[in-house]
Each structure stands twice: as structure tokens, then as C-alpha cells.
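Please find below a colleague's note on charged side chains and their surroundings, set out as numbered points to be read beside the model.

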Amino acid sequence: MPNRLADATSPYLLQHKDNPVDWRQWGDDAFEEARRRDTPVLLSIGYAACHWCHVMAHESFEDAATAEAMNSDFVCIKVDREERPDVDAVYMEATQAMTGQGGWPMTVFATPEGEPFFCGTYFPPRPRPGMPSFPQLLGAVAEAWRERRDELLAVGQQVVSQLDTSDRVPSGPTLDAAALETATRELTTAYDEENGGFGSAPKFPPSMVLEFLLRHAARTGDDGALRMVEGTAAAMARGGMYDQLAGGFARYAVDAGWVVPHFEKMLYDNALLLRVYLHLWRQTGSALARRVATETADFLVRDMRTPEGGFASALDADTDGVEGATYVWTPEQLVDVLGDDDGRWAADLLTVTDRGTFEHGSSTLQLRTDPTDADRWQAIRKTLAAARAARPQPSCDDKVVTAWNGLAVAALAEAGVLLEDPAYLAAAEDAAELLLRLHLVDGRLRRTSRAGRAGPGAGVLEDYGDVADGLLALHQATGSGRWLAAAGDLLEVALARFAADEGGFWDTADDAEGLVRRPRDPTDGATPSGSSALAGALLGHAALTGSVRHREAAEAAVARSSTLVGRFPRAVGWLAAVGEALQAGPAEVAVVGDVAARAELERAARMGAAPGTVVVAGASDQSGTPLLAGRPLVDGQPAAYVCRGFVCDAPVTDPAVLRRSLLARAEG
């Protein structure tokens with residue numbers, strides 16, 4: 001008999017609809033029920049592609065005896081962290097404050113008022129050294145609620161009080177060149193010279209930090225910054241974290257050398273990394289970066305699109321309950337598929353060993369060096385991909401998350417123009433159409449949709465910032481004023497509804513559902529923080545329209561957290577990237593002329609632009625495109641205007657001269 005999750009839009013919640021646990025969705029009625037029954041709340045937070053969420057579900061939530069204890073002594077609430085990032089953020093802060101660590105599944109016991117008094121993550125069905133079993137924990141909390149309730153209530157109130165002061169980062173000065181230099185030096189000390197990346201295992205793709213370093217290298221000519229990007233990008237792309245057969249990156253590597261991934265593939269990682277590899281190729285001409293950008297874009301368009309035109313959230317880490325089963329190989333399996341000669345050649349090329357690099361003698365696929373016989377490799381790659389496609393496949397979380405689709409729109413719009421592939425641009429436009437048609441309800445964004453049905457959760461700050469940024473990228477790619485206008489509307493909502501009185505921005509709107517605290521986190525997680533995403537979009541809008549108000553809002557948002565850049569650059573990479581764009585101007589490039597005549601000049605503009613630069617091409621005075629206003633042809637010929645703050649250099653008609661002008665600006 002399905003429980004109360006049966007009508008949810010979240011695939012994660014639907015995974016639990018047949019549990020014997022009487023799960024409820026997050027909402028006032030759940031807490032009202034806890035007050036009526038005078039019981040604590042058991043809050044379980046996770047997401048559909050989470051391996052350990054599946055493990056705890058199978059071990060505990062599908063167990064009748066455990067479910068009976070949960071139903072008897074608690075009101076049980078299941079939350080998809082991707083659908084309700086605000087709820088996740090508040091209780092993750094509490095979990096980290098109380099335990100010193102966090103993760104998913106997150107297990108929180110709270111009062112009927114939502115105040116957390118005990119937090120943890122995964123709990124096993126039987127005791128382990130230093131860890132109680134989940135049934136033991138249920139019994140202990142239920143007993144404490146009956147016999148020592150005052151203590152639990154006091155703990156909950158104390159936790160909330162402490163969290164209320166935890167986000168008070170003092171506003172700093174406008175982010176200057178010295179602070180960005182300090183950030184680069186700090187990153188240099190954390191850089192892994194042997195393996196690429198920063199710090200030790202586990203290693204997550206540092207997408208936002210790499211974007212900052214690319215911008216810094218373009219502005220300053222810092223070879224050390226560029227070297228860290230090149231080393232990290234190559235290490236990730238050649239290791240097992242990258243899908244050598246189908247493109248796309250897994251969530252992270254469990255080891256320092258990027259060999260063994262946690263196999264889930266997230267939309268946001270691939271969108272952010274696509275942009276990094278595009279920019280690296282544009283900046284250096286790296287053939288590896290171009291190949292990875294192309295393959296990652298292909299992966300997104302081929303494997304992540306939903307029937308409605310959006311992009312799904314994730315592919316699962318597990319296949320039939322076994323992590324990585326779809327992706328790993330043994331030497332024998334390669335020989336079975338390819339034959340003896342090609343199988344042994346592929347095993348050597350892809351580091352598939354008899355001992356194995358993963359579990360049970362299996363190996364992830366690595367491509368540590370380019371094959372000497374490229375044609376042979378491409379034929380083998382195609383054959384292996386087809387054989388792998390015949391295996392059982394991981395589940396897809398086909399929920400469309402607004403912010404992550406904004407990231408994908410931006411990346412694919414850029415890929416479409418830089419890689420000159422209209423399919424990428426068309427996919428970006430389709431996703432943007434879906435967001436504006438389905439996710440924008442009465443002028444406000446919803447957080448998610450699934451199967452053409454908008455979810456109940458309100459959009460948070462990152463949704464507005466990332467979607468606006470994606471729409472601005474589409475405006476630059478197409479010249480259409482529609483996308484610029486839509487981005488402007490979203491930014492107006494963000495400025496009106498999310499601004500904090502003392503400066504900066506909250507992560508939730510002023511009329512959003514009240515939680516035990518209103519979240520505001522200036523640091524990046526797996527995606528840019530909401531405030532940094534919004535600052536970047538505000539700055540891009542200012543560069544495309546000449547709006548002083550939007551630029552000042554971007555500067556203020558950056559200043560609000562600028563003190564973090566020199567101290568914790570790995571945690572605020574996107575903020576530092578926005579700071580680099582501010583230092584560089586950013587440059588604004590307008591290319592005027594009809595499509596055929598301006599093609600070479602437009603190509604020079606787009607390929608010569610440093611990250612953060614805005615580029616628009618179209619007819620002079622084209623409607624809805626402020627950057628093209630008042631930019632005439634030169635003697636009837638297409639022309640390019642390189643500007644800063646809408647103050648332009650003399651127009652140029654020669655692509656070579658334009659390239660030199662852009663290079664001088666990037667380095668000067």
C-alpha cells in the first residue's frame with residue numbers, strides 16, 4: 001500500500017512511496033501532526049542518485065520492524081534536498097555544527113517546532129564500533145523524549161540560536177587585485193602537483209576555482225594559475241572519473257589520482273565543467289580540452305535531456321543496487337567484446353588490469369595517454385559503448401532543477417557558438433523555453449518540475465542567478481532581445497525579494513516559507529552560491545545594457561563576502577571569478593553586420609574573448625540589444641567595437657586587429 005509520498009513530484013520521494021514507513025512530505029501538516037501526537041519529528045533528507053541513501057532505505061526503511069518503531073514514536077518526513085535546498089541547508093548546518101561533519105542521507109530528530117536536537121547521517125541496521133544501530137537510536141531518542149524532554153528542547157533552542165549568528169560575515173571592501181593575487185597564492189599551496197586538483201582524497205571537480213584561475217590568467221598573464229587549470233583538467237579528463245566511452249564526469253573521485261569515481265553523474269557538474277573545458281580550449285588551443293568539451297556537450301544532449309526539453313538532474317551511482325556496475329570492466333570482458341588482439345590493446349590503453357583498479361578485480365577506464373592509432377581507438381570506443389549500453393543501466397532522476405538547467409543553458413549556449421554546433425544551441429533554447437513556460441509561475445520561479453508538472457517548492461536565490469546567467473548567455477549567442485528581457489525580469493525579482501537590509505542576499509525570498517532560520521550561505525557548494533551566481537548575472541546584465549544600477553548591485557554583493565576570497569578561495573571560487581570580471585571591466589564586444597559578412601569578425605570576437613567578456617553580434621541598432629545600439633558599419637563593412645562601461649575603442653574591421661585588441665585588454 002503506497003504511503004503519503006505517492007503523489008510527490010520528486011523521484012527521490014517516489015522511491016520511498018512503498019516503504020512501510022508512514023512518510024510525509026515536508027509541510028505544515030506534518031509538524032501539526034507532531035504537535036497533535038506530542039512526538040518528535042524524524043527528518044530524513046537525501047536525493048535520488050545518493051548511494052548511501054539507497055543503502056539505508058534497503059536496510060532500515062524497508063524493514064517492517066524498524067518502520068513500526070518509526071511510525072509509533074515519530075512523525076516521519078522525507079525531503080529531497082534538490083527539491084528543497086533551503087530545508088537541506090538549514091539542517092545540514094545543524095548536522096555539521098553538532099557532529100563536525102555532514103552528508104546524505106541526513107538523519108535529524110527535531111521538536112514539533114522544527115528545532116533539531118540530534119543529527120547524524122547514515123546509521124546501520126546493526127551496531128558498529130563507535131556507531132549505534134538505527135533501531136537503537138530510535139529507541140534512545142524516543143525514551144529521551146518521554147523522560148528528559150526539557151533537555152532536548154533546550155538543545156534544540158540552543159542549536160537554532162547558534163545558527164542564527166553563524167552567517168555573520170563582515171562586509172569587506174570591493175574585491176581588488178591584491179585579494180585575487182592572495183587567493184591565487186593560497187590555491188598554489190593547496191595544489192596537488194602530482195595528481196592535479198587541490199588537497200587530498202576524496203577529490204571533487206573544482207569547477208568554480210578553475211574558472212577563477214582561467215580568468216585570472218587571462219587578465220594577468222599568470223602562467224602558474226593557468227598551469228594549475230591545465231594540470232587539473234588533464235588529470236580529471238584522463239582518469240576514471242571521466243567517462244572515456246560516452247563523455248561526462250562522475251560526481252567525484254574517492255582517491256587522489258582521479259581513478260575511482262563515485263559513479264553518479266550530476267547535471268550541475270557536467271554543465272560547469274563543460275564551460276571550464278570550453279574556456280580552456282579557447283584560451284590555450286588544447287586539443288584535449290576541446291575533445292572533452294565536445295564529448296561532455298554530447299553527453300548532456302544525448303543522455304540527460306527530458307521529453308519536455310529540459311535536463312534531468314542525475315544518473316544514479318548504482319545499477320541494480322551495485323555501485324558502478326554499468327561502467328567497470330575486466331580484461332576478460334574486453335576480450336569477449338573486442339576479440340583477443342583489440343581486447344589486450346584496449347586493456348593496456350585503458351589501464352584495465354588483472355588485479356583491477358576498482359572492486360572485485362574490475363577496473364574503471366582511464367585514458368592516460370592519447371592512443372597512437374586514433375582510428376583504432378575510435379572504433380573500439382564505439383564498440384565498447386554499444387556493449388555497455390546493452391548492460392543494465394543506472395536510474396535517471398528526471399526531475400528538472402531550475403538552477404542546474406540554468407547552468408546547462410549557459411554552457412550549451414556557449415558550446416553552440418564556440419564549437420559551431422547548432423544542436424547544442426537548440427538544446428539550450430529548448431531548456432530555456434521550458435523554464436520560462438513551466439517553471440515561471442506568476443512571475444516567480446519554481447524550484448523543480450517533472451514530466452511537465454511544476455513542483456511545489458519556490459525558487460531560491462541560485463535559481464534566479466543561474467537562470468538569469470543562462471538567459472544572458474543565450475542573448476549573446478543569438479542576439480535575441482527576448483532572452484535579455486527575461487533575464488532582466490528575474491534579476492528584478494531577486495533584487496526586490498532576496499536582498500538583506502544590511503547588504504548581500506538571503507537564499508530564500510522574503511515571502512518564502514518560514515524555517516527555524518532563514519538560510520544565507522556565501523560559500524560555494526557543488527554549485528555557485530546563490531549570492532555569487534546572482535552577482536555574476538547582475539554584472540553580465542550591466543555589461544550588456546550599460547545599467548549602472550545592476551553593476552553597483554553586483555559590486556555590493558561581491559563586497560559582502562570579499563573577505564573570504566583571500567582566506568578560503570576554494571570555498572568561493574565563483575565569487576572570485578566574478579571579482580576577476582569586475583577587475584577586467586568586463587570587456588564588452590559588439591559585432592555589427594549581416595550574418596555572412598560578419599562571420600569571420602564574429603569568430604575572432606568570440607574566440608578571442610577572455611572569460612567574463614560579453615559578446616553580442618547582430619545588425620546595428622538591432623531591437624532589444626542595447627550593446628548594438630549606435631554601433632554603425634564602417635564604410636559599409638562589418639565592424640567590431642571593444643568597449644568597457646559602454647565606452648568603446650575605435651571600431652575595427654580586420655579580425656587580426658580585433659584579436660590583438662582583445663589580447664591586449666585581457667593582459668592589461
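The points that follow deal with salt bridges in this predicted model and with the accessibility of the residues that form them.

1. The model holds 44 salt bridges, and three of these pairs are taken up below, each with the closest distance between nitrogen and oxygen and with the accessibility of one or both partners.

2. Lys17 and Asp18 meet through their side chains in a salt bridge, with N to O at 3.1 Å. Lys17 has a relative accessible area of 26%, and because buried means under 20% and exposed over 50%, Lys17 is classed as partly exposed.

3. Arg81 and Asp88 form a salt bridge in which the closest N and O atoms lie 3.6 Å apart, which means that the pair falls within the 4 Å cut-off. Asp88 counts as buried at 7% relative accessibility, and Arg81 also counts as buried, at 18%, because the limit for that class is under 20%.

4. Asp397 and Lys399 are joined by a salt bridge whose closest N and O atoms are 2.8 Å apart. Lys399 is buried, with a relative accessible area of 1%, and Asp397 is buried as well, with a value of 4%. This pair belongs to a wider arrangement, since salt bridges with shared partners link Asp397 and Lys399 with Asp80 and Glu82 in one network.

5. Which residues should a reader select to view that network? The selection is Asp80, Glu82, Asp397 and Lys399, which salt bridges with shared partners join together.

Definitions and conventions: Residues are numbered from 1 along each chain as its sequence is written. This is a predicted model: local features need pLDDT of at least 70, side-chain atom pairs count only at pLDDT 80 or more; totals for chains, interfaces and linings use all residues. Side-chain values use heavy atoms; hydrogens and water are left out. Buried means under 20% relative accessible area, exposed over 50%, partly exposed in between (1.4 Å probe, protein chains only).
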